[in-house]
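Biologist: Hi! Could you walk me through this model in plain words?
Modeller: Happy to. Let's have it on screen first.

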Amino acid sequence: MSEVSMTDNNTVDERPVVLKVDHVAKSFRLPTEQATGLKMAFLNWTKGIKGYTEQHVLRDINFEVHQGDFFGIVGRNGSGKSTLLKIISQIYVPEQGSVMVKGKLVPFIELGVGFNPELTGRENVYLNGALLGFTHEEIDAMYDDIVEFAELEDFMDQKLKNYSSGMQVRLAFSVAIKAQGDILVLDEVLAVGDEAFQRKCDNFFAEIKKDPTKTVILVTHSMDAVKKYCNKAILIKDGEIIASGDKNDVADRYTLENLKTNESNKHDSSNEEICEEMPILRVYPNELPVCESGTNFKFTVEYNNVAADRKIYLNIVLLDISRGGIALAQRFMTVPGHHRVNMIAPTADFNDGEYRIILSAHIEVDPKDSSVDRMITTTNEKESCTFVVQGTYGSDKFALMNYRRIQYQCEDTKVLQAKDSF
């Protein structure tokens, strides 16, 4: 059974509960074989063939949301988040359990649902408001705020089909967030509109966080948004809650789950032949492969140099997977023997993104001309190290363009000696 503890530091939260999800379960029947007639249906029944498979989307979901919470729900695609939101919004009915909602709930699950392109912007505001459960008089009271927030004062009497996609997004989003409800349910909507409108939305969320009477339930894949806006969160995997409570812990757990999935999908892309001069070459993390922007990442390089008569150096390269390119590269001379070396990647100036450390070993032929050196082996995907930097402390330009000015830190320079950067 999965349950969210709504206490922080063992203190009881005395704010009223506005949403309670109690032992909720939901499944769908997926047809596999359709009977073409009564005889076929009878034969299938005698054979025990149902003609469908049952997909369990949610299993025993329990949590509470208190008034004033900015509550995050995260999980990979297919985990059951959207189904849960539709149950909360009373679009779906749970097969087991119950949902208690106290106050006016305004769902914003799919962008532009309920909008009619043949109607004007003004008419669509009233239509969408009615679908959300507001009376004509209530929409009258909200109308000016909706239009002002959407910045569409001059276009409200034009048909929606003449709006650009960005204008339609702004209007739909404005109806949802400016509707005077008690509980606002948002599903993947933080990246709507252009940069200026996103800043306006950011300011709106900053203000709504200060209102103790307003409650927001946010579903997002952005862990930066979870850490920025939410005070509590849950992580859903395969229809069950696997982490709950502290927003930072939930966000980090989500990132780790994604990395685990990526690791399990990796394939061995190296040559099957073992390098004679260096049979062991790998890199792995010394800590959880998640670090905050503004901190550094610790990892270990392991190698076995069995070629005592040759000079072998390693290229340690940090790839920026999210944006592409090399974020940091450095050469290190090895010494004979099997060694494990603790190192630090200076990622304090790097922004939110996914990175991978890869190694390659080279025999040094001419110290003054690396073009004649010979690469003898490199790490494949499984032997490389992938990690995530969260936050926007640093600068993308610095991370991608100025890597030559910074170097890895090595704790044991006797077995791995730094050379000039690339």
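Biologist: Which residue takes a positive phi in the hairpin of strand 8 and strand 9?
Modeller: That's Asp238, with a positive phi near 50 degrees, in a hairpin that has two residues between the strands. Strands here are DSSP runs (E, at least two residues), helices are DSSP runs too (H or I, at least four residues), and both are numbered from the N terminus.

Biologist: Anything I should know about the model itself?
Modeller: This is a predicted model, where local features need pLDDT of at least 70 and side-chain atom pairs count only at pLDDT 80 or more, while totals for chains, interfaces and linings use all residues. Residues are numbered from 1 along each chain as its sequence is written, and side-chain values use heavy atoms, leaving out hydrogens and water.

Biologist: Back to the hairpin. How many bridges join strand 8 to strand 9?
Modeller: Five, and the two strands run antiparallel. Two strands pair if DSSP finds at least two bridges between them. Across this pairing, Ile236 stands opposite Ile241 in strand 9.

Biologist: And is strand 8 mostly covered or exposed?
Modeller: Mostly covered: five of the six residues in strand 8 (residues 232-237) are buried, where buried means under 20% relative accessible area with a 1.4 Å probe, protein chains only.

Biologist: What does strand 3 do with strand 8?
Modeller: Strand 3 (residues 70-74) pairs with strand 8 in the parallel sense, over four bridges. In that pairing Ile73 is opposite Ile234.

Biologist: What's the strand order of the whole sheet?
Modeller: The order is 5-6-7-3-8-9, in an open sheet of six strands with mixed pairing. Strand 5 (105-108) and strand 9 (240-245) are the edge strands, each pairing on one side only.

Biologist: Okay, helices now. At what angle do helix 5 and helix 6 pack?
Modeller: Helix 5 (residues 165-178) packs on helix 6 at about 5 degrees, with the axes 12 Å apart. Axes are lines fitted to C-alpha atoms, for helices over the stretch in contact, and angles run from 0 to 180 degrees between N-to-C directions. Helix 5 and helix 6 are therefore roughly parallel to each other.

Biologist: What about helix 4 and helix 6, what angle there?
Modeller: Helix 4 (residues 136-150) meets helix 6 (residues 195-208) at about 135 degrees, with axes 10 Å apart. Helix 4 and helix 6 are therefore oblique to each other. The cut-offs are under 35 degrees for roughly parallel, over 145 for roughly antiparallel, 65 to 115 for roughly perpendicular, and oblique for the rest.

Conventions:
Buried means under 20% relative accessible area, exposed over 50%, partly exposed in between (1.4 Å probe, protein chains only).
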